[in-house]
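Student: I'd like to learn how to read the features of a structure from its coordinates. Could you take me through one?

Tutor: Gladly; let's put it in front of us and start with a single contact.

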Amino acid sequence: RVAAALAATAVPLFAAAQQVAMHTLEPVTVTGGTPTSLPTQIPTTIEGIGREQIDEQINATDSEDAIKYLPSLLVRKRYPGDYNHAVLSTRASGTGNSARSLVYADGILLSNLLGNGATFAPRWMLVTPEEIERVDVLYGPFTAAYPGNSVGAVVDFVTRMPTKFESHASLSSTWQPFDLYGTHGNFGAQQASASVGDRQGGFAWWLNVNRTQSDGQPLTFATRLLSQGSAAAATPVTGAVAGLNRANQPWWILGAGTQYRSDQDHLKAKLAYDVTPALRASYTFALWRNDSQARSQSYLRDAAGQPVYSGTVSIDGRSYTLSPSDFPSSNESLTHTMHGLTLKSHTLGEWDWELSASHYGYDEDLLRAPTTALPAASAGGPGRIVDMHGTGWTTLAAKGIWRPRSHIVEFGLQRDAYRLRSIENATSDWIAGGPGARNNAFQGDTTLTSLYAQDTWTLSRRWKTTLGLRLEQWHAFDGATSNATTTAAHVERREDYASPKAALSYRLNDDWVLKASTGRAVRMPTVSELYQGGINASGQLINNDPFLRPEKSWTGELSAVRDVNDGSLRFTAFFERTRDALFSQLNAANVNTVQNVGAIRTRGFEVAWQRSDWWVKGLDAGANLTWTDSIITRNDAFPASVGKRQPRVPEWRAATVATYRPDARWSLTGALRFSGKQFSTLDNSDPNGFAYQGASRYLVADVRAVWRVNERVQAAFGIDNLTSQVYWNFHPYPQRSYVAELKADL
């Protein structure tokens with residue numbers, strides 16, 4: 001059933017200084033910087049922020065920080081340099097649904113669509129904050145140019161290319177006093193970055209290097225329900241912290257885990273050459289390396305005051321048995337590379353075209369972990385090695401644009417290929433030993449071949465419409481799931497889908513524009529959802545389903561946008577109906593596995609406002625508010641979830657930012673971020689969000705001050721989470737975090 005909706009292309013909330021308000025229904029014009037590569041001529045909602053606003057308003061230690069105040073968006077970033085859990089949440093998708101959004105940088109796919117969920121975060125680290133020229137967000141699947149993963153949003157980074165010689169350097173430090181349960185300490189990060197670039201005639205180049213040393217707060221905790229205790233004799237211990245879990249059941253917190261210490265190196269080189277005045281070739285290479293160690297801390301102490309990590313212990317008269325998994329350790333060594341090549345014409349005449357290709361590869365991806373308990377495991381011993389070398393994705397695209405009179409016709413052919421290779425082996429020494437016998441393995445490939453076309457037609461000065469169609473063929477093959485002795489090969493699948501799109505806008509008068517958008521999106525199952533499971537002793541699959549159906553969504557918007565003096569005001573109603581949503585839930589064998597949830601209905605509204613020189617000259621302000629009602633309406637496999645809220649989608653979200661410039665050298669910013677009550681479980685059986693594994697409401701204040709020492713040197717100081725609120729999204733978010741920066745144009 002198609003849901004009609006209404007959208008508007010507003011001046012981006014925090015980038016008014018770079019946008020020109022248009023009083024005709026022409027494509028959006030961006031000035032003062034590199035324009036977005038999003039299809040701005042389509043009448044739907046786009047919000048964005050430019051380099052100057054990011055620099056003034058945001059304590060940005062990572063590229064994903066750039067979007068943290070934009071409407072209806074949340075990135076679950078847990079600490080500076082969070083490389084494996086910083087997933088994006090949108091209007092109708094929680095942080096467990098990373099595959100329902102797309103992230104690009106200069107047209108290169110950064111979204112990790114090998115899987116869906118926390119461990120498949122976009123590759124934000126392939127963009128550093130100082131190289132961002134602007135970032136824009138297209139809400140909803142309303143253009144035929146993107147696959148069904150665009151159902152939530154498309155985030156588009158445009159990075160800098162020089163017009164003359166330039167060089168830059170920056171240093172920053174973040175520190176966080178952290179106090180939670182039995183952990184009391186300081187955590188933080190240090191970053192150093194340098195960039196240099198030039199343009200000589202038709203040739204331009206840019207080189208950026210960045211190093212981050214991060215020491216994040218603990219993210220997981222060893223726990224035991226009080227009800228799990230017995231009366232057996234055991235070693236008395238102290239130090240356990242009493243609390244309530246997310247279901248409000250009494251439990252003990254025994255210690256902290258997954259405290260990452262990581263060293264990350266980033267190198268990016270960009271080359272561009274104007275073959276002719278109307279034809280440009282460009283190449284991007286990026287290298288990212290990460291060496292990290294995750295460690296644990298026991299809160300338990302014996303009579304001699306020594307930490308206890310194993311054995312049977314007695315807490316408050318009841319005994320509990322500790323296992324090696326309560327206090328885990330791991331070492332990771334990662335080297336990932338990215339290549340992007342584009343040949344693009346830019347005549348702005350009747351015809352233009354583009355050819356592009358990109359590849360993201362796991363050149364090295366090793367995780368080592370012990371299978372024995374601390375403290376003995378700290379010196380080595382038996383363990384496991386997980387190797388994902390050979391995993392990655394490749395994209396190919398041929399696009400064209402035709403501009404006959406009042407039309408803009410876009411069309412293209414695309415092919416996206418995803419390859420998963422993962423093997424876990426036993427090892428005699430988890431720190432330095434080689435791989436031994438196989439424990440398990442997963443592999444598989446998927447491809448998505450797409451043909452699309454859309455026509456944006458300016459009917460008159462007041463009316464504009466877009467009609468589009470995307471045809472997709474999905475292919476899943478070479479899938480296999482293995483345990484130590486058995487491999488189960490999976491059936492090859494090939495399926496075809498069509499996704500229509502439509503949008504309409506009407507300029508009511510010089511101040512108001514009304515717009516409607518609707519579109520179908522088909523989000524294909526990822527390789528890991530299909531194949532990364534297990535096999536029992538009989539060779540039967542026990543926690544994965546290679547026959548998962550794709551998610552199918554109809555999404556719509558209705559918007560009204562008013563041009564305000566030096567700003568804008570937007571009202572948007574949105575609606576989405578999704579069939580066969582992909583979530584992890586208990587199957588018939590009482591094992592958590594990815595399954596299709598019958599139907600989810602989402603509706604809501606969004607208000608976004610921004611204004612330059614508001615009240616007094618030099619004061620810029622913006623605010624947004626989102627209400628969402630997202631309900632599971634059918635789930636035959638888990639009837640208790642019907643009528644409950646979709647996990648990780650709060651009812652209310654809001655953000656506001658105000659920046660005051662008393663003179664040309666200073667800018668002062670204050671911001672608030674709010675999220676209402678939410679749940680992590682399909683049946684909403686976790687009412688206590690303020691606990692480990694819970695998802696809490698929060699109201700967080702941020703401040704930032706920037707001092708331009710002179711034309712070449714700038715210093716900044718900021719605080720995120722000013723009141724040091726303790727809040728959760730399964731893991732604890734950072735508490736009060738101080739950020740100091742020094743930047744120089746050399």
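Tutor: The side chains of Arg570 and Glu47 are joined by a polar contact of 2.7 Å. A polar contact is a pair of N or O atoms within 3.5 Å; within protein, one must be able to donate a hydrogen and the other to accept it, and residues adjacent in sequence count only if both atoms are side-chain atoms. Before we go on, note that this is a predicted model, in which local features need pLDDT of at least 70 and side-chain atom pairs count only at pLDDT 80 or more, while totals for chains, interfaces and linings use all residues. Residues are numbered from 1 along each chain as its sequence is written, and side-chain values use heavy atoms, with hydrogens and water left out.

Student: Where does Arg570 lie, and is Arg570 buried or exposed?

Tutor: Buried means under 20% relative accessible area, exposed over 50%, and partly exposed in between (1.4 Å probe, protein chains only). Arg570 has 0% relative accessibility, so Arg570 counts as buried. Its place is in strand S29 (residues 567–586); helices (H or I, at least four residues) and strands (E, at least two) are DSSP runs, numbered from the N terminus.

Student: Which residues are linked with Glu47 and Arg570 in a network of salt bridges?

Tutor: A salt bridge is a side-chain nitrogen of Lys or Arg within 4 Å of a carboxyl oxygen of Asp or Glu. The network links Glu47 and Arg570 with Arg91, Glu557 and Glu606.

Student: How do I read the sheet that holds S1?

Tutor: Start with the pairing rule: two strands pair if DSSP finds at least two bridges between them. Here five strands make an open sheet with mixed pairing, in the order S1-S6-S7-S4-S5. Strand S1 (46–50) and strand S5 (108–109) are at the edges with a single partner strand each, so one side of each has no neighbour in the sheet. S1 pairs with strand S6 (residues 132–139) in the antiparallel sense, over five bridges. Within that pairing, Glu47 is opposite Val137, and Gly48 has Asp136 as its bridge partner.

Student: What covers the faces of S1, or are they open?

Tutor: In a regular strand the side chains alternate between the two faces of the sheet. In S1, both faces are covered: Ile46, Gly48 and Gly50 are buried on one side, and Glu47 and Ile49 are buried on the other. Five of the five residues of S1 are buried, so this strand is largely enclosed by the rest of the structure.

Student: Which other salt bridges would make good examples?

Tutor: The structure holds 44 of them. In one, the side chains of Asp65 and Lys77 meet at 2.8 Å, N to O. Asp65 is in the loop between helix H1 (51–57) and strand S2 (74–75), and Lys77 in the loop between S2 and strand S3 (88–89), so the pair ties together parts twelve residues apart in sequence. Asp65 is buried at a relative accessible area of 7%, and Lys77, at 14% relative accessibility, counts as buried too. Another joins Arg523 and Glu551 at 3.7 Å, N to O. That pair links distant parts of the chain, with Arg523 in strand S27 (residues 512–523) and Glu551 in strand S28 (residues 551–564), 28 residues apart. Arg523 and Glu551 are both buried.

Student: And how should I read a pair of aromatic rings?

Tutor: A pair of aromatic rings is described by the distance of the centres and the angle of the planes. Rings of Phe, Tyr and Trp (its six-membered ring) pair if their centres lie within 6.5 Å; planes under 30 degrees apart count as stacked, over 60 as edge-to-face and the rest as tilted. By this rule there are 28 aromatic pairs. For Phe178 and Phe187, the ring centres are 6.0 Å apart and the planes at 80 degrees, so the pair is edge-to-face. Both Phe178 and Phe187 are buried.

Student: Which residues form an aromatic cluster?

Tutor: One cluster is formed by Tyr181, Phe221, Trp251, Tyr692, Trp728 and Phe730. You can now go back to the model and find each of these rings for yourself.
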